[in-house]
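Here is a protein model to look through together. Let's take it one question at a time.

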Amino acid sequence: MITPYILYSDGEGNIYEDTSLYATGREGWEAFPIPDSEWIELPEGGSLYELPGRRGIGIDVETGEMRLCDKGWAVAAFIPPAHTGLYLAAYETEPGAPTLPLFCYTAAGWEKDKFYVPAVRIEADIRQESSGYDEVKIKAGVDHALQAYPHNRLVKHLAENCALTYHCPAARNYFLGRWECPIPSSPACNANCIGCISFQPAEESIVSTQDRLQFKPTAAEIVEFTVPHLETAPYPIVSFGQGCEGEPLLMWETIKEAIIEIRKHTDKGSININTNGSKPDAVEELMKAGLNSIRVSTNSAREDIYTKYYQPNNYQFEDIVESIKIVRKYGGWASINYFVFPGMTDSVDEYEALRQLIIDTDLNMIQWRNFNIDPDWYLGKMGITDVGQLIGVQQFMTLIHREFPKVKFGYFNPPVERMLNFETDFAH
């Protein structure tokens, strides 16, 4: 059984364990003991963060009481793609502490010379394993693509910004000639997400983690590099809608034109869109043109929680539900990109809302993604003081899986081959 000790940072880049305290986890505003069975070794590609201005909360090894670790700053873990965190790092924030950047903050601990995190591997796909990236080969792929498409602004953006500056896993995979190829398409957006990773107002205390696409690609630019990818890559997907852009449905006419032209040249692979699902009519036009799958992002299946976070312009929560229904009507694959925030995602109210969303839409898949946001900042911005009765993220997943065994669990958009023969790895 695993009962890790709490970690703390000395403020100078060094992390230590405090053997007088067991690590705890956070759900909503509260700290809780973490069941021994929910700890796993920190996966390869994971890393640890110092949380300045925050003191970790642990369980005293001798008394069993919760108390603060006063030896240094709290520590959290980044867990790599394909893994979903079950608890946030538990800490008490001191006055004047800086707002944390837009990353995930999973609890972490130390035992027997290993770091541990409360998490599950939700996806077997290896497409974003850190060990699978060879920097020399990526750079060679970038150079080759820039020579092959010297006038393509989109390839240049994917190369210089996404792959080489932000180290976007999807962009790096494209330049390695494999799997899912990203297609940023829209510089504009019709939502004002609190935790937007590509645009933050100047007056905000956080900054976006990357700069947004600055131009509108043409259909010809899109077709030029995506057709060869679909023709030659293993398990190929091309995906509109990326973290470095706005909302792709605002460019649906261009996307429709590109899809039609792509399918004139190849019938291989699948065409996907990652979207907020705000324009059902546009989604229907894209399905008619040959779109294969959609992934709709949401922080919640509850309309009020969704609306507070997304702050949508000229669309409503019911529009995203309708978009999913349309994709299913045309026989397409529909996923939600579900932002997991322990203490909000696993509430009883959220469970009932997610059940209803699955029933109403005939959803194919839930992609259980870690929510990249400062927990205090998020709950404060949302005005959440009481999260209600909680189930626990692991139990939440288990209940959904038992009631809806046909709904697949994962982390990535599946290629067409996997859509036809998808085995969910979640068996808890």
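**Helix packing and cores**

Q: Which elements do the buried residues of H6 pack against?
A: This is a predicted model, and helix H6 covers residues 280-289. Its buried residues pack against two helices and two strands: H5, helix H8 (317-329), strand E16 (270-275) and strand E17 (293-298).

Q: How many of the 10 residues of H6 are buried?
A: The buried ones are Pro-280, Ala-282, Val-283, Glu-284, Leu-286, Met-287 and Ala-289. H6 is therefore mostly covered, counting residues under 20% relative accessible area as buried. The number is seven.

Q: Are H5 and H6 roughly parallel or roughly antiparallel?
A: Helix H5 (residues 252-265) packs with H6 at an angle of about 10 degrees, and their axes are 9 Å apart. Angles under 35 degrees count as roughly parallel, so the pair is roughly parallel.

Q: How many nonpolar residues does the contact of H5 with H6 have?
A: From H5 come Trp-252, Ile-255, Lys-256, Ile-259 and Ile-260, which meet Ala-282, Glu-285, Leu-286 and Ala-289 in H6. By class, two residues in this contact are charged and none is polar. The nonpolar count is seven.

Q: Which residue follows H6, and what is its phi?
A: H6 ends at residue 289. The residue that follows is Gly-290, with a positive phi, near 130 degrees.

Q: How many residues does the largest nonpolar core have?
A: Trp-368 is among the residues with the most contacts inside this core, as are Tyr-309, Leu-354, Ile-366 and Tyr-378. Beyond its sequence neighbours within four places, Trp-368 touches residues including Thr-84, Ile-122, Leu-354 and Phe-409. The largest core has 103 residues.

Methods:
Residues numbered from 1 in each chain as written. Predicted model: local features only at pLDDT ≥ 70, side-chain atom pairs only at ≥ 80, totals over all residues. Heavy atoms only, no water. Axes fitted to C-alpha atoms, helices over the stretch in contact; angles between N-to-C directions. Helix = DSSP H or I, 4+ residues; strand = E, 2+ residues; numbered from the N terminus. Parallel < 35°, antiparallel > 145°, perpendicular 65-115°, else oblique. Contact = heavy atoms within 4.5 Å. Nonpolar A, V, L, I, M, F, W, Y, C, P; charged D, E, K, R; others polar. Buried < 20%, exposed > 50% of the residue type's maximum accessible area, 1.4 Å probe, protein only. Core = buried A, V, L, I, M, F, W, Y, C linked by side-chain atoms within 4.5 Å.
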